[in-house]
Amino acid sequence: MSRWEYFVKRLLLTVPVLFSVLTFLFIMLRAGPIDPVAARLGPQAGAADREQLRERLGLNDPLWEQYVDFITDFITFNFGQSWVVQAERDILDIAVNAAPATLWLGFWAILLPLFIGIPLGFYAGLNPNTLGDYAASLGGIVWQALPNFWLCVIALAVLRRTREGGELLGINWYTLGPDFAARNISITGTPRLEWISTTDVLMFPLPYINDWTALAIDIKLILPPALILGSASMAAELRIGRTAMLETVNSKFVETAKAKGLSDRVIVWKHIFRNALIPLLPVITSEAFLLIGGSVIVEQIFNINGLGRIFFQALTQGDLPMAGALLFLFTVIILGLNILQDFLYTVIDPRVGYDQ
Amino acid sequence: MPDPANGEAVESTSRRRLLGLLGGGAAVSLAGCSDQEPSDGSDGNDTDGEDGTDGEDGEDEPQRTNADKAQAAWERAVNNPLPEDEELRQEAYIEMEEAVRDDAAVIPLYHSLTERFWYDYVDVPLTGALGSHWQQLNTTTVEGQSELNLIASTFDELDPIMSTDTESSRVITQIYENLTSFPNGVPEVENQLLAEYEVSEDGTTWTFTLRDDVQFHDGTQMTAQDVKYSWRRTVESENSERAGFTLNQPVGLGIDAETDDDGNVVADSLAIEVVDDRTIEIQLVGPNPDVLDVIAYSSFSVIPEGYVGDIDGYDGEVTHQEFSTEVANGTGPFELDAFNVDEDVTVVRNDDYYGEVASVEAVNWEIIEDSQAQWTYALEQNADIFEMPTFAYEADAVDAEADDRGRQVGTYGPAGELNEEVNYVGVAEISTYYFAFNVSNTERAARQAIAYVMNKEQIVQEVFAGRGTAAYTFLPPAIWPTGNDGYNDFLDAYPYSLGESDIQGAQSVLEEAGITPDDPVDVTLTTYESEVFQTAGELIRDLISGTGINMSLETSQFSTLQSRGEDGDLQMYSLGWIWSWPAVPYGMFQLEPRNTDTSTMPTETNGFYLDWQTLLEEEAE
């Protein structure tokens, strides 16, 4: 079996996974403890209203028909309306409205640990049992142990104190870079993401950045929450990066490479680095999963109107279609990332997919 | 994850929604639950009720019971609704309070305290006991800024008839107006769109004459037809969550209307007659002394006739979905500019306002749920007026004195992270949080003993850092029928402990009833998920242990607690009541013994879950 056959096989395998998730959601929504009619109409509705809504929602149809409708609706991203959180608004609208903020947060939350955690881990792995290694490893463990909600609260408290004279290490976070104080911008809030436009190049809409200041403001706004959201994965990457590095450094092929007389630089970057990345890949891609869960708290405390906060509201207020739709979207995202992971495997590690 | 202050705030908003639902009438109940309680007094109020109260029946039998006293007082108040009977009603309500107190059926715990802070560059009128969401911001000025910036919590609609929470009211009050209002939330009703009114002799026909100089934001004149249309929407629209406030008495206006077989109001049958462009006449099912108070409630806001097509005979200029979040057309001092649900709301000045045109060009609310984010936003001076989370609050930093309305007015700070002195007002709200008992399964001595050991001041101190008012009466002091002096007299006569834990008192009342540590009774306290009540419950349990009461605590979800209450399946529980308008009966109706019958809840009765009717003389026989 070639690498690409393997990849296509993985791709096809996601289809049954998606269906089982949908079936699970269907059972949860239809057979769960919350009656959709009661949740939607509230307790004061009369029997006539209830019957009318049952009919309208198709709850009187045979179960298999409801199941087919449900699956087709979800696959075509036709999620219907929210019941409680933003009553009567289209769920897709709400999700599309909230998604950019979460994507922006997630993008930086993955990028930052990648460029801090992995280099630190590799450094520690290349210089094992030195002071630098100890400092990096210990720092990583402590950082991972700190809960996100606590970090959020402390970060906010520290940052807002830098505002008037209470500078931290001589840094006033408000005036650093784009000046928040002069613009009356809060260090909390939803990024506006209004710096991107598209221009048509040969009939192709090509995105470009039209307002660099707005971009800088949005980056500055998202940095603290992104750093916190990525903190756990950053520490994980550091530790796994260190172990992977150590293992690879001590393996036989490195010895051979050394014996061949390759320079240290080539050994590290061409041989060790690529091999050490393999165990890191699933860690990086599964971060997305952590980010979706973690963004609930970070978005709440930093007042970012994103998917995490809406998911939290939907769950706590019994908004079943909304929670179901978001769960479905999250599933699709995670499946997509799994496929991406497999794709990257086939690129980085030529051995993948070959018969064992 | 949410800290206490925020948790409480969120809770109180949602609680208000739920309490409102109860006030509106029906609520969900689990069918058939009474079958599961074969031996308890919850489903039958004949023989079981007698057993449960044997202890004191022996002494009380010659006189009427406290329940009888409360029932008689309530009936007296309801049967004498005319203005000249005011004094008689006041006495009756106080008699009900006495009966509740003496029977310890309900033990009030605290009235919530709202504290508001604003920077020195803002000049804003003091708010009153009804809450800051009643305040129209046209009289607020901000030095050196053209905008006023505030914080709100999440809400998702601007339709007045859907609004049941304080957060949406903050914005709705700026855009829409009523015939009457409580300016700045001070509980004294004043005319808003109303010029004058007349009442017929029997108190059932009210004639309202409207101001003639009022225009909607689109420039059309406001007329009596608009009022009729707006009020019809409150009962006919499927979006209305406040039909009860229009139709019911005494918990509402009680406008006459026809209903069909399903109990829905027949289209255009509401007894509102447009006499001419400026005059409407309403016909009530019975006299109602609180009409002017009730029509100030936001569901009675006036919108242009035919603006939304959700009632018979109108196609609507805008769809209801647009109306709830995108467009608005009222008569208020501000017009809706933009509403980004869960992010922010902006209203801009209405330059053609008939009253005082606003000094600020716009008001912006940033929607923030988390108290850390709120506090950050306030410290950055991005919010000009704000509330303070308990983690940042230092009681010593308040320097305030009581004014003639009992508000604490003064300054706060500099303290903690706040580097400057800010203005301060603290107001006890018209709300009461309480413990109550299903009296059919908890005997009176046990209830009284719990009242004896409960030190409300200590609980308020421990849980809110003193940011609350200990409650000794169900009616908050701000609307006490006989005023401040009368309230103090009532406190002087308070039989249980005032500001202390009277364990001696508890022991002696238990001993009299034959309850001793060797022969104890069990009491289960069910609280909803509230830090306040859970802490209070722990304090009470610790104090009462060893006196003959074994108290166990349990926590249940708010909705579960309500369902169980309606099934009579609670013993001691915690809940709260927030007045939507400052009228005594809007609150007291829940203490009418016959209205506390859980066996007919939620359809026929909608009082507290007390089963107090089991102690009525006739029922006990």
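# Exercises on a predicted two-chain model

Of the 211 residues in the largest nonpolar core, Met96(B), Ala436(B) and Ala449(B) touch the most other members. A nonpolar core is a set of buried Ala, Val, Leu, Ile, Met, Phe, Trp, Tyr and Cys residues joined through C-beta atoms within 7 Å. The model is predicted, so local features need pLDDT of at least 70 and side-chain atom pairs count only at pLDDT 80 or more, while totals for chains, interfaces and linings use all residues. Residues are numbered from 1 along each chain as its sequence is written, and chains are lettered from A, and ligands numbered from 1, in the order in which they are written.

## Exercise 1: The cores

Find which helix gives the largest share of this core, and what Met96(B) touches.

*Solution.*
- Step 1. Helix 5 (residues 91-126) of chain A supplies the largest share, ten residues. Helices (H or I, at least four residues) and strands (E, at least two) are DSSP runs, numbered from the N terminus.
- Step 2. Leaving out residues up to four places away in sequence, Met96(B) touches Ala70(B), Ala73(B), Trp74(B), Met588(B) and Leu591(B). Two residues are in contact if their C-beta atoms, placed from the backbone, lie within 7 Å.
- Step 3. In soluble globular proteins, nonpolar side chains tend to be buried together.

## Exercise 2: A helix with a face

Check the length of helix 7 of chain A, then work out where its buried residues point.

*Solution.*
- Step 1. Helix 7 (residues 148-161) has 14 residues, and at 1.5 Å a residue it should span 20 Å. The expected span is 1.5 Å times one less than the number of residues. The end C-alpha atoms are 20 Å apart, which agrees.
- Step 2. The buried residues of helix 7 of chain A are Asn148(A), Leu151(A), Cys152(A), Ala155(A), Leu156(A) and Arg160(A). A residue is buried if 20 or more other C-beta atoms lie within 10 Å of its own, exposed if 12 or fewer, and partly exposed in between, with C-beta atoms placed from the backbone.
- Step 3. Seen down the axis, these buried residues fall within an arc of 145 degrees, so they line one face of the helix. The arc is that of the directions from the helix axis to the C-beta atoms.

## Exercise 3: Two loop residues

Asp268(B) and Asp342(B) both sit in loops of chain B. Which is buried and which is partly exposed?

*Solution.*
- Step 1. Asp268(B) lies between helix 8 (243-247) and strand 9 (272-276). Its phi is positive, about 60 degrees, although it is not a glycine.
- Step 2. Asp268(B) has 14 other C-beta atoms within 10 Å, so it is partly exposed.
- Step 3. Asp342(B) lies between strand 11 (334-340) and strand 12 (344-349). Its phi is also positive, near 70 degrees, and it is not a glycine either.
- Step 4. Asp342(B) has 22 C-beta neighbours inside 10 Å, so it counts as buried.

## Exercise 4: Where two domains touch

Describe the side of domain 2 of chain B that touches domain 3 of chain B.

*Solution.*
- Step 1. Domain 2 covers 137-364 and domain 3 covers 367-428. These bounds come from an automatic or database domain assignment.
- Step 2. Twelve residues of domain 2 are in contact with twelve residues of domain 3.
- Step 3. Strand 4 (residues 147-152) gives the most to this side of domain 2, with five residues.
- Step 4. By class, this side has six nonpolar, three polar and three charged residues. Ala, Val, Leu, Ile, Met, Phe, Trp, Tyr, Cys and Pro count as nonpolar, Asp, Glu, Lys and Arg as charged, and the others, Gly among them, as polar.
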